[in-house]
Amino acid sequence: MRRPVQIAPSVLPVDFSRLGDEIAALDAAGVDLVQWDVMDGQFVPNLTFGPDVIASARRHTDLPFEAHLMVLTPDVMAARYVEAGCSRLIVHVEACTHLHRTLEHIRTLGATAAVALNPATPASAVAHVLDLVDLVLVMTVNPGFGGQRYLRTMEPKIAEVRAMIDAAGLSGTVDLEVDGGIGPDTIASAARAGANVLVAGSALFRDPEGLEHAVTELRAIATDAVAHGSPG
Ligand code: DX5
């Protein structure tokens, strides 16, 4: 049985001068968790926030925080993000020389471990670490920026990762997350391909009817797509 659909906001589009209020507003809008896009300006051509920024937002919600570590040295930084209040750390296959060891290290810190695949990285790269993770993230854009176009060419890889999770008997414990270009026009096919955790940034904040409407609409479309295979 696939795990339930979850909507996770990327905080990239928020007004950082009002971070606490923005996180509280996302909570009130009904999101299931908060994703922090951590970028070091090396692994990706953008620079975002360190653990102290996340720690400052921690008291504004009880929602789970996950740190998407788009950084070259996740082993060095992992402990700081757990101390800041992140209960899940997502590391990139492409940044880990010893991915199995890195995921084990994250678990020793008391967080759950997750692994992300850039668009060009094959699903097979996670075949031997599914037992160490509670989530696999299939990027549907090249990481670094919000507001990019959803890469439909990633859907066969989403389906492949879904098949790997199911074949390993892990569909009840491992989530499949997608991130990048997720909105009302793309979420159905991403969910139908196999995703159950859907990260959205710009789609949430550009909805003229507000955050709650955006979250409710995305969750309804994704849930229907999973249940009835509605066209994407
Ligand atoms: C890319 C970022 C974005 C962000 C979502 O590195 O991870 O994918 O979370 O941005 P939107 O939803 O605007 O594509």
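**Cysteines, aromatic cluster and buried helix faces**

A search of the whole structure, which is a predicted model, finds zero disulfides. A disulfide is a covalent bond between the sulfur atoms of two cysteines. The sulfur of Cys86 has its closest cysteine sulfur in Cys96, at 16 Å, which is too far for a bond; the cut-off for a disulfide is 2.5 Å between the sulfur atoms. Cys96 is likewise in no disulfide, the sulfur of Cys86 being the nearest to its own. Cys86 is buried, with a relative accessible area of 3%, and Cys96 is also buried, with a value of 11%.

Aromatic contacts were examined next. A pair of aromatic rings is described by the distance of the centres and the angle of the planes. The structure holds three aromatic pairs. In one of them, Phe16 and Phe49 are arranged in a tilted geometry, with 5.6 Å from centre to centre and 40 degrees between the planes. This pair links distant parts of the chain, 33 residues apart: Phe16 belongs to the loop between β1 (6-9) and α1 (19-28), and Phe49 to the loop between β2 (34-39) and α2 (51-58). The two partners differ in burial, since Phe16 is partly exposed, at a relative accessible area of 37%, whereas Phe49 is buried, at 7%.

Phe49 also pairs with Trp36; the ring centres are 5.4 Å apart and the planes stand at 85 degrees, so the arrangement is edge-to-face. Because Trp36 lies in strand β2 and Phe49 in the loop between β2 and α2, this pair ties together parts that are 13 residues apart in sequence. Trp36 counts as buried, with 0% relative accessibility. Ring pairs link Phe16, Trp36, Phe49 and Phe65 into a cluster. At Phe65, a charged group is added to the aromatic contacts: the charged end of Arg58 sits over the ring, 3.7 Å from the centre.

Burial within the helices was then considered. An α-helix has 3.6 residues a turn, so residues three or four places apart point the same way. In α2, the residues Pro51, Ile54 and Ala57 are buried. Viewed down the axis of α2, the buried residues fall within an arc of 125 degrees, so they line one face of the helix. The elements that cover these buried residues of α2 include α1, β2, β3 (65-70) and α3 (74-83).

Helix α4 (residues 99-108) has as its buried residues Leu99, Thr102, Leu103 and Ile106. Down the axis of α4, these residues fall within an arc of 95 degrees and therefore line one face of the helix. Arg101 and Thr108, on the other side of α4, are exposed. Cover for the buried residues of α4 is provided by elements including α3, β4 and β5. Just after α4, Gly110 adopts a positive phi of about 95 degrees.

Of the strands that contribute to this cover, β5 (residues 112-117) has five of its six residues buried, so the strand is largely enclosed by the rest of the structure. Strand β4 (residues 88-92) pairs with β5 in the parallel sense, over five bridges. Within β4 and β5, Val91 stands opposite Val115 of β5.

Key: Residues are numbered from 1 along each chain as its sequence is written. This is a predicted model: local features need pLDDT of at least 70, side-chain atom pairs count only at pLDDT 80 or more; totals for chains, interfaces and linings use all residues. Side-chain values use heavy atoms; hydrogens and water are left out. Rings of Phe, Tyr and Trp (its six-membered ring) pair if their centres lie within 6.5 Å; planes under 30 degrees apart count as stacked, over 60 as edge-to-face and the rest as tilted. Helices (H or I, at least four residues) and strands (E, at least two) are DSSP runs, numbered from the N terminus. Buried means under 20% relative accessible area, exposed over 50%, partly exposed in between (1.4 Å probe, protein chains only). A charge sits over a ring if NZ of Lys or CZ of Arg is within 6 Å of the ring centre and within 35 degrees of the ring normal. The arc is that of the directions from the helix axis to the C-beta atoms. Contact means heavy atoms within 4.5 Å. Two strands pair if DSSP finds at least two bridges between them.
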